[in-house]
Protein chains: 2
Amino acid sequence: MKSLYSVILAGGSGTRFWPLSRTRRPKQLLALTGDESMVRLTQRRLDALVPRERRLVLTNAQQADAVVHELGELIDPTHVLREPIARDTAAAAVLGALAVRALDPDGVMAVLAADHVIEPAAVFADAIARAAEVAAASPTLVTFGIRPDHPATGYGYIERGDAAATDGFHAVQSFKEKPDRATAERYVAAGNYLWNSGIFVWKASTLLDLAADFIPETLAALEPLVTPDDPFPSADALRPAFERLDKISVDYGILERAPRVEVLEAPFQWDDVGAWSAIEDHLPRDAGGNAVRGLAHLTSTRNTTVFGDGDHLVATIGVEDLVIVHTPDATLVAHKRNAQDIKAVVDALRERGLDDRL
Amino acid sequence: MKSLYSVILAGGSGTRFWPLSRTRRPKQLLALTGDESMVRLTQRRLDALVPRERRLVLTNAQQADAVVHELGELIDPTHVLREPIARDTAAAAVLGALAVRALDPDGVMAVLAADHVIEPAAVFADAIARAAEVAAASPTLVTFGIRPDHPATGYGYIERGDAAATDGFHAVQSFKEKPDRATAERYVAAGNYLWNSGIFVWKASTLLDLAADFIPETLAALEPLVTPDDPFPSADALRPAFERLDKISVDYGILERAPRVEVLEAPFQWDDVGAWSAIEDHLPRDAGGNAVRGLAHLTSTRNTTVFGDGDHLVATIGVEDLVIVHTPDATLVAHKRNAQDIKAVVDALRERGLDDRL
């Protein structure tokens, strides 16, 4: 489809991959699961579908240079929108839609998170193309739902309704916030609830029409700043408008209220790789269940993930269920069951004044 | 006592403190238990008893420069004997005794390992002084025995016999090689067996007279090389003689056959700190039983020893019973119960061609 644009949201920060991820080197810039960074893999997944001139990136002003550098030849460096301050995903979606519409009044956009693992790429691209056909043909917001394999409490859920006109697509009955455990179990048992992947496809004009209805202040603040002559205003130009915006997610601000939302159950593997303990699923493992990146020597070691750096040697003896991450100025040794607690550790390190390690 | 000399045996190599200890930086050069290296602490323990001009060091040619550098102002750098090749402790004891006798025909020598932890220093010095009185007054070899607190299989034992003339000293009934577990348990239950600490005091001439009787070839090979004009022959000068020597320990070659050997039960704390897991006994521990050197941040962590280096941060979450050692080019994460297995790991690393980390 000649009017399909990709809009990668690459503004995430987060501390869950400390010490490898840092304030200035967030998860999407890391090569956690392969030889290339997650943001590069995200862009390359649509290599065949979206040519360079239709690739957009939305990030924050602090990370923009690093993101542009990382994407390198994959993008046009002028096709980058820099949010001056974080205002959640509704503002980002509107800003991206305004830029796409400025480039192409009929533009359809695929909104992609920069830090998910999705495979195989060809299946994903095919699903995006199918969603783009639906979105181009009608004022429909298309979401991608992931069939849950456990009652996760860390994702929002999409309640699937009746079958839609196009094969495989269903109407969305409702969006559900992150549930408690019992509710999540009920969702999974019911069978018609899917995880909300945060991947969306819509026509830019569809999204903007809905924004006019549901978040008119956001649209009014941003619309004058994005024009066909200047589709990518600078962070400085955006700042006064952003300072007036409320923090609203696109799910809450638009999707939950939109009359035509459809969901396609993802035919691809999807993982948002939320913690160190999830990395092992994307690395080769030895007979003992160990996954190693870098230079390591494991003895009597089981179910342990080692992330080394460069030429530094990590040797283990007699340990199990650990995540070991070595970087030049900080090393983490954590039990996998505690991999979620890294945020608290990072907070504590900040309180100790160790900001140069964060 | 004006004729008391210290002879530190600082030739140990070993891999048990890898990755902190290296081929060129053995255990005795490390500050494992305090702010100073073990060899410096060894020498300083006798500060008040043995002045600088009566301090000798016996090491191997490869480590000599590092040992001399480490001891610094504590020793006269010319008072160092460099063994060209390792020939066990009988040759070392004879060489040391020849040097002491060349300096002082009545010299009494305290033979000390460079890598033991002994406290308090004043109690140790007092015990050495008492032993030196006994050794000066008669042709007696004095050994120090350690009251066992468990049936260790890693030490030789001294069977204590009848009380000797001087209060606290006993005749040695026999020396026992490192026992198996059952034998060790019998020794401990019997009550009159002590660990052989490897600390000895004797008159140089006494040791040399016994060497003439029991290991005459060793004495004959070395005696011509050590003279009052040149008490500290070079490694090159010693090499032809050393190449002819058998490998014999002083225990086997002399002590087990000598007619007058006495043992003094050590009134001091003694630990040969044989593995990483033994280090914690010499470091302050927090309420969770953790011992930390360097920069670390421990969360939900118990009974774990962290040896950092410099400014590198080690963070742990949810682990217990680990030894974590960080050095600039290698990091070890080992369960304490496996701390003894480091030798095998080092051997494996050598086979992998990682000699630059050893």
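The following conversation concerns the contact between two chains and the sheets they share in a predicted model.

Biologist: What should I know about the model before we start?
Modeller: It is a predicted model, in which local features need pLDDT of at least 70, side-chain atom pairs count only at pLDDT 80 or more, and totals for chains, interfaces and linings use all residues. Residues are numbered from 1 along each chain as its sequence is written, while chains are lettered from A and ligands numbered from 1 in the order in which they are written.

Biologist: How many residues does each chain give to the contact?
Modeller: Chain B gives 29 residues and chain A gives 29 residues, where contact requires C-beta atoms, placed from the backbone, to lie within 7 Å.

Biologist: Which element supplies the largest share of the side of chain B that touches chain A?
Modeller: E17(B) does, with 6 residues. Other elements that each supply at least two residues include strand E13 (295–299) and helix H11 (342–351) of chain B. Helices (H or I, at least four residues) and strands (E, at least two) are DSSP runs, numbered from the N terminus.

Biologist: How do the residues on that side divide by class?
Modeller: They comprise 15 nonpolar, 10 polar and 4 charged residues. Ala, Val, Leu, Ile, Met, Phe, Trp, Tyr, Cys and Pro count as nonpolar, Asp, Glu, Lys and Arg as charged, and the others, Gly among them, as polar.

Biologist: How are the two copies related?
Modeller: A turn of 180° with a shift of 0.0 Å along the axis lays chain B on chain A with an RMSD of 0.1 Å; the superposition is by least squares on C-alpha atoms of residues with pLDDT of at least 70 in both. The copies are thus related as by a two-fold rotation axis. The same surface serves both, since 100% of the contact residues of chain B recur in chain A.

Biologist: On to the sheets. What is the strand order in the one that starts at E13(A)?
Modeller: The order is E13(A)-E15(A)-E17(B)-E16(B)-E14(B)-E12(B), an open sheet of 6 strands with mixed pairing. Two strands pair if DSSP finds at least two bridges between them. The edge strands, each pairing on one side only, are E13 of chain A and E12 of chain B.

Biologist: In which sense do E15(A) and E17(B) pair?
Modeller: E15 of chain A and E17(B) pair in the parallel sense over 5 bridges. Within E17(B), B:Val333 is the bridge partner of A:Thr316.

Biologist: And E16(B) with E17(B), parallel or antiparallel?
Modeller: That pairing is antiparallel, over 5 bridges, and B:His326 has B:Thr331 as its bridge partner.

Biologist: What lies across E13 and E15 of chain A?
Modeller: H11(B) does, running at about 135° to E13(A). Axes are lines fitted to C-alpha atoms, for helices over the stretch in contact, and angles run from 0 to 180 degrees between N-to-C directions.

Biologist: New topic: how do H3(B) and H6(B) pack?
Modeller: Helix H3 (residues 88–103) and helix H6 (residues 204–214) of chain B pack at an angle of about 130°, with axes 9 Å apart. They are therefore oblique to each other; angles under 35 degrees count as roughly parallel, over 145 as roughly antiparallel, 65 to 115 as roughly perpendicular and the rest as oblique.

Biologist: Which residues meet there?
Modeller: Among them are B:Ala93, B:Val94 and B:Ala97 in H3(B), and B:Leu207, B:Leu208 and B:Ala211 in H6(B). By class, this contact has 9 nonpolar, 1 polar and 1 charged residues.

Methods
Contact = placed C-beta atoms within 7 Å.
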